[in-house]
Amino acid sequence: MSETVTTDPVARYVRGREFKLLIGGELVDALDGGASESFDPSTGELLAQVPEASAADVARAVAAAEAAQPAWRALGLRGRTACFRRFGELLTERLEELAMLDAIDSGNPIRAMRDDVRICMPYIEGWPALAAALAGQAIPASPGNLHYTSHAPYGVVGRITAFNHPLMFAVTRPLPALIVGNTVVVKPAPQTPLSTLALAELCAEAFPPGVFNIVTGGAPAGDALVTHPRVKRIAFTGSVPTGLTIQRRAAESGWVKHVSLELGGKNAMVVFPDVDVEEAVEGAIFGMNFNVCQGQSCGSNSRVLVHRRIYDEFVRRAAERVEAFVVTTSYREDADMGPLVSAQHRERVAAYVEAGVAGGASLVTGGGHPDGAPRGGWFLNPVVFADVRPEMAIAREEIFGPVMSVLPWDDYDEMLASANGVELGLTAAVWTNDLDLAHATAERLDAGYVWINDSTRHYFGTPFGGTKNSGLGREESIEELSSYLETKVVHTRLKDPATALRRMEA
Ligand code: NAD
């Protein structure tokens, strides 16, 4: 259970620790001794050396997964559910350690990372329940015959994840593939490998050898997984450019593959003038995920389109809210926000802030290094931009950081054109007390997931995913489960009963 750590958590959970890959149930080093470094975003200091998997390690992991898959499938839903249950128990026992590793390695605030571990539980319990509801169909496709469908797992699934929720993605994203009888090779993001490598110890205990494999590394390891001939199903969470590369590389491998993509967002929150402004601001701040991952979330409402009548008040209140955040070392209990994940990413986000100012947007608050935060860390004070115009880069491109652009609107159709006028379509939010208006607007917003008077929350069972360049496929739902299965039709020609009886008598 959770305990409050007051001593140095880096010394306690990271220093002197060995991190290993998980291949075939064994905790191992990379074959060629390959290693890379993981850094503490709060200080910029080196945290640990971690194994860097080569293509040969990925091939080992795929071979182990392939060897384990028939027995895992044969275990049946009940047997697989028992492993899930054990996995959940171990996660609960090691909640504090895993949450701290995420906070230390990613820069996300510790309080949110404890929630990230807790969020895994409904998925661990939910996937077996949904899998029990999977069914085939008997289809009346022709008279007098029997046509039915059955479903089979792909075999080995490759699961590649992003840096912003390291542990939560490493736990929850492979589960739907596993519960329907696939085995997995998981590759986390290279910026944040520590919690996933610690998770390897739990997976080794909860699952039969080879069912859950973990390889760390960057693009070369990911590419080896994507192009491996025995991995037909690839599921990816990350950026649009990498998603496009994966589609191309999957095709170039010469093997037909099923690729699903959860990519970026530049998500609009539309605010009508009838709202309680304070409540709507709260929704926008919450929806920006400032206090979860410094806004580094695909689902963040980074474009807030606010009706002119309440615009000034909205901007003022939003600025006051973010100015009150404690921005500091992510593993301090009082951290509301930590640093960005890497020096490079901080530079990228800061460049957007500069471009916004140069382009004529009003920087209401934020930018710069927070007072009191360690100098070597990759911190950025949370930003609220006002007077943003739809054509500006800060209104069109995913920044993936603590930058919220607030755009005024007067005309409904122009507002809608602006909301839909970007290449991404992951989420959107509508805030109004007028139910007709809310639903009519939700219908017109081009996004895969729309909240009305809410933001950012995921509800297990509801399909999550994007339109346009935000992705392909839907997750967290029965649709995702089905995506890890291939459909087979069995057709039986039924003889005429009279003919069958005559034969019997002959
Ligand atoms: P990224 O695309 O840089 O990396 C994601 C993963 O892909 C990492 O594990 C990386 O090592 C791997 N990778 C990189 N090149 C590869 C290649 N050629 N072949 C195979 N794998 C490769 O993304 P990121 O910076 O880690 O994450 C940020 C992005 O992720 C943002 O765009 C964000 O919106 C998106 N994201 C989307 C969702 C969602 O559910 N839609 C959730 C979280 C993050």
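This passage looks at how aromatic rings meet in the structure above. The structure is a predicted model, in which local features need pLDDT of at least 70 and side-chain atom pairs count only at pLDDT 80 or more, while totals for chains, interfaces and linings use all residues. Residues are numbered from 1 along each chain as its sequence is written, and side-chain values use heavy atoms, with hydrogens and water left out.

A pair of aromatic rings is described by the distance of the centres and the angle of the planes. Rings of Phe, Tyr and Trp (its six-membered ring) pair if their centres lie within 6.5 Å; planes under 30 degrees apart count as stacked, over 60 as edge-to-face and the rest as tilted. Across the whole structure, 13 aromatic pairs were found. In one of them, Trp 127 and Phe 460 meet edge-to-face, with 4.9 Å from centre to centre and 90 degrees between the planes. This pair links distant parts of the chain, 333 residues apart: Trp 127 sits in helix α5 (residues 110–132), and Phe 460 in the loop between β18 (449–452) and β19 (467–468). Helices (H or I, at least four residues) and strands (E, at least two) are DSSP runs, numbered from the N terminus.

The rings of Phe 290 and Phe 325 form a tilted pair, because their centres are 5.7 Å apart and their planes stand at 55 degrees. Both Phe 290 and Phe 325 are buried (under 20% relative accessible area, with exposed over 50% and partly exposed in between; 1.4 Å probe, protein chains only). Finally, ring pairs join Trp 72, Phe 84, Phe 87, Phe 207 and Phe 212 into a cluster.
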